[in-house]
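Here's a quick briefing to read with the model open beside you. Have a look at the fold before diving into the bullets.

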Amino acid sequence: MAKILFVMTGADHWTLADGERHPTGFWAEEFAAPYRALTEAGHEVTVATPGGVVPTVDRVSLAADFNDGEQGAA
């Protein structure tokens with residue numbers, strides 16, 4: 001099977017025009033769905049980020065409203 005490299009954001013915030021920091025990161029489903037599909041198909045997936053930092057999930061992407069309610073968020 002194939003070896004696949006996922007290059008993800010290393011950002012954990014945006015700096016807004018007023019200097020305020022707004023938390024951010026990768027969108028959970030945009031990572032989880034293809035990762036699951038590829039690994040279940042037998043491919044080897046390696047995750048990398050600029051600077052080698054641990055990727056941060058965007059907390060909003062874990063909210064039930066974005067995951068078909070409470071059952072989808074599990």
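What follows covers the overall fold, the aromatic rings, and then a few single residues.

This is a predicted model, so keep that in mind throughout. The protein chain has 2 helices and 4 strands, and from the N terminus on the order is β-β-β-α-β-α. With a radius of gyration of 15 Å, against the 11 Å that the globule rule gives for 74 residues, the chain is more spread out than a compact globule.

**Overall fold**

- Put a box around the C-alpha trace along its principal axes and you get about 50 × 35 × 15 Å.
- Burial comes to 18% of the 74 residues in the protein chain.
- Take the contacts between residues at least 6 apart in sequence: 63% of these join residues at least 24 apart.

**Aromatic rings**

- Searching the whole structure turns up 4 aromatic pairs.
- One of them is phenylalanine 6 with phenylalanine 31, an edge-to-face arrangement at 5.9 Å centre to centre with 80° between the planes.
- That pair ties together parts 25 residues apart in sequence, because phenylalanine 6 sits in strand 1 (residues 3–7) while phenylalanine 31 belongs to helix 1 (residues 28–40).
- Phenylalanine 6 also pairs with tyrosine 35, again edge-to-face, at 6.4 Å centre to centre and 75° between the planes.
- Here too distant parts of the chain are linked: phenylalanine 6 is in strand 1 and tyrosine 35 in helix 1, 29 residues apart.
- As for exposure, phenylalanine 6 is buried at a relative accessible area of 14%, whereas tyrosine 35 is partly exposed at 31%.
- Put the ring pairs together and you have a cluster made of Phe6, Phe26, Phe31 and Tyr35.

**Aspartate 58**

- You'll find aspartate 58 in the loop between strand 4 (44–48) and helix 2 (69–73).
- Aspartate 58 is buried, yet it has no salt bridge.
- The nearest side chain of opposite charge belongs to arginine 59, and it is 7.8 Å away. A salt bridge would need the charged atoms within 4 Å, so arginine 59 doesn't qualify.
- What aspartate 58 does have is a backbone partner: a polar atom of its side chain lies 2.9 Å from the backbone nitrogen of valine 60.
- Leaving out residues up to four places away in sequence, aspartate 58 touches Thr24, Gly25, Phe26 and Trp27. Phe26 is also a member of the ring cluster.

**Asparagine 67**

- Asparagine 67 is in the loop between strand 4 and helix 2, which is where aspartate 58 is found as well.
- Asparagine 67 counts as buried, at 15% relative accessibility.
- From asparagine 67 to leucine 38 the C-alpha separation is 21 Å, with their positions 29 residues apart along the chain.

**Methionine 1**

- Methionine 1 lies in the segment before strand 1 and is exposed, with a relative accessible area of 78%.
- Setting aside residues up to four places away in sequence, methionine 1 still touches Ala41, Gly42 and His43.
- The C-alpha atoms of methionine 1 and threonine 24 are 33 Å apart, and the two residues are 23 residues apart along the chain. Threonine 24 is one of the residues that aspartate 58 touches.

How values were computed:
Residues numbered from 1 in each chain as written. Predicted model: local features only at pLDDT ≥ 70, side-chain atom pairs only at ≥ 80, totals over all residues. Heavy atoms only, no water. Phe/Tyr/Trp six-rings, centres within 6.5 Å; stacked < 30°, edge-to-face > 60°. Buried < 20%, exposed > 50% of the residue type's maximum accessible area, 1.4 Å probe, protein only. Lys, Arg positive; Asp, Glu negative; His and termini not counted. Polar contact = N/O pair within 3.5 Å; in protein donor to acceptor, adjacent residues only side chain to side chain. Contact = heavy atoms within 4.5 Å. Rg over C-alpha atoms; globule rule 2.2 N^0.38 Å.
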